[in-house]
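Got the viewer open? Let's take a walk through this one, stop by stop.

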Amino acid sequence: MSLSLILASQSAIRAQLLRNAGLVVETRPARIDEEMIRHALEAEGANPRDVADTLAEMKAAKVSAANPGVLTLGADQVLELKGRIFAKPESPEEAAEQLRALSGRTHRLLSALVAMRDGRPLWRHVAEVRLTMHPLSDEFIADYVARNWDSIRHAVGCYKLEEEGVRLFSGLEGDYFAVLGLPLIEFLNWLRARGELTT
Ligand SMILES: Nc1nc2c(ncn2[C@@H]2O[C@H](COP(=O)(O)OP(=O)(O)OP(=O)(O)O)[C@@H](O)[C@H]2O)c(=O)[nH]1
């Protein structure tokens, strides 16, 4: 019998990664006001890691409370460049501006996952990935965004590593799954240690 869980996320790739691993996943997006919470946390001086962890926990908590007894996951990603936090782009222009800022530099992606049951945190992990972009011309950026906007609009970094976005990078230190949306290996290790996975 495969493990069943609720994923408190609208992220299609997060659900796909968990299903590809053989888990039975029901998605229930948490729909919290991430921007308001992120700004409040930053105003209190929270660092990007804590912002991602807190948002992931809040998403899990909201959905877990409404689904008693069911293992519920909340996830969040924060992109940080030189202390500045980036969120998902609202427009192609914003995506181009963000990619110009990331071009030729190394940024951090903090990918948080929190597991809860009945509103109680059982496990949490924040993976850090350092991604180095090679220098991109403004012309390439404009063309890349025009061709990929419908896809990259759903990604915090304005790129999808499993698609053409891989071409933007000259280096990556960390976990591929954490870039896509969640630290999958660490989560499966925890499930296995609890005896909730047979392999
Ligand atoms: N497919 C893909 N998605 C990416 C990549 N990098 C970041 N993302 C997505 O960017 C989004 C980060 O924004 P979040 O606020 O954490 O999540 P969300 O999509 O708003 O969904 P919620 O969990 O409901 O908040 C997630 O959906 C990630 O899966 C990537 O390389 N590939």
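Which residues of helix 4 meet which residues of helix 5? Keep in mind as you look that this is a predicted model. Select residues 92-102 for helix 4 and residues 138-152 for helix 5, then show side chains. On the helix 4 side you'll find Pro92, Ala95, Ala96, Leu99 and Arg100, and they meet Asp138, Ile141, Tyr144, Val145, Trp149 and Ile152 of helix 5. Color that contact by class and you get 9 nonpolar residues, no polar ones and 2 charged.

Now hide the side chains and look at the two axes. They sit 9 Å apart, and the helices pack at an angle of about 130 degrees, which makes helix 4 oblique to helix 5. The crossing of helix 4 past helix 5 is right-handed.

**Next stop: another helix pair**

Select residues 34-43, which are helix 2, and residues 48-65, which are helix 3. Here the packing angle is about 140 degrees, with 10 Å between the axes, so helix 2 is oblique to helix 3. Helix 2 also goes past helix 3 in a right-handed crossing. Bring the side chains back: helix 2 contributes Glu34, Ile37, Arg38 and Leu41 to the contact, while helix 3 contributes Val51, Thr54, Leu55, Met58 and Lys59. By class, that contact has 5 nonpolar residues, 1 polar and 3 charged.

**Over to the strands**

Select residues 106-117 (strand 5) and residues 120-133 (strand 6); these two run antiparallel and are joined by 12 bridges. To find one pairing, click His107, whose bridge partner in strand 6 is Leu131. Then follow the strands to the turn: they form a hairpin with 2 residues between them. Stop at Asp118 in that turn and check its backbone, where phi is positive, about 50 degrees.

Keep strand 6 selected and add residues 169-173, which are strand 7. Strand 6 and strand 7 are antiparallel too, joined by 4 bridges. Pick Thr132 and look across to strand 7, where its bridge partner is Gly171.

**Zoom out**

Finally, clear the selection and show the whole chain as a cartoon. The protein chain has 7 helices and 7 strands, and along the sequence they come in the pattern β-α-β-α-α-β-β-α-β-β-α-β-α-α. The radius of gyration is 17 Å, close to the 16 Å that the globule rule gives for 199 residues, so the chain is as compact as a globular protein of that length. Turn it along its principal axes and the C-alpha trace spans about 50 × 40 × 25 Å.

Notes:
Residues are numbered from 1 along each chain as its sequence is written. This is a predicted model: local features need pLDDT of at least 70, side-chain atom pairs count only at pLDDT 80 or more; totals for chains, interfaces and linings use all residues. Side-chain values use heavy atoms; hydrogens and water are left out. Two strands pair if DSSP finds at least two bridges between them. Axes are lines fitted to C-alpha atoms, for helices over the stretch in contact, and angles run from 0 to 180 degrees between N-to-C directions. Angles under 35 degrees count as roughly parallel, over 145 as roughly antiparallel, 65 to 115 as roughly perpendicular and the rest as oblique. A crossing is left-handed if the near helix is turned anticlockwise from the far one by less than a right angle, and right-handed if clockwise. Contact means heavy atoms within 4.5 Å. Ala, Val, Leu, Ile, Met, Phe, Trp, Tyr, Cys and Pro count as nonpolar, Asp, Glu, Lys and Arg as charged, and the others, Gly among them, as polar. The radius of gyration is taken over C-alpha atoms; the globule rule is 2.2 Å times the number of residues to the power 0.38.
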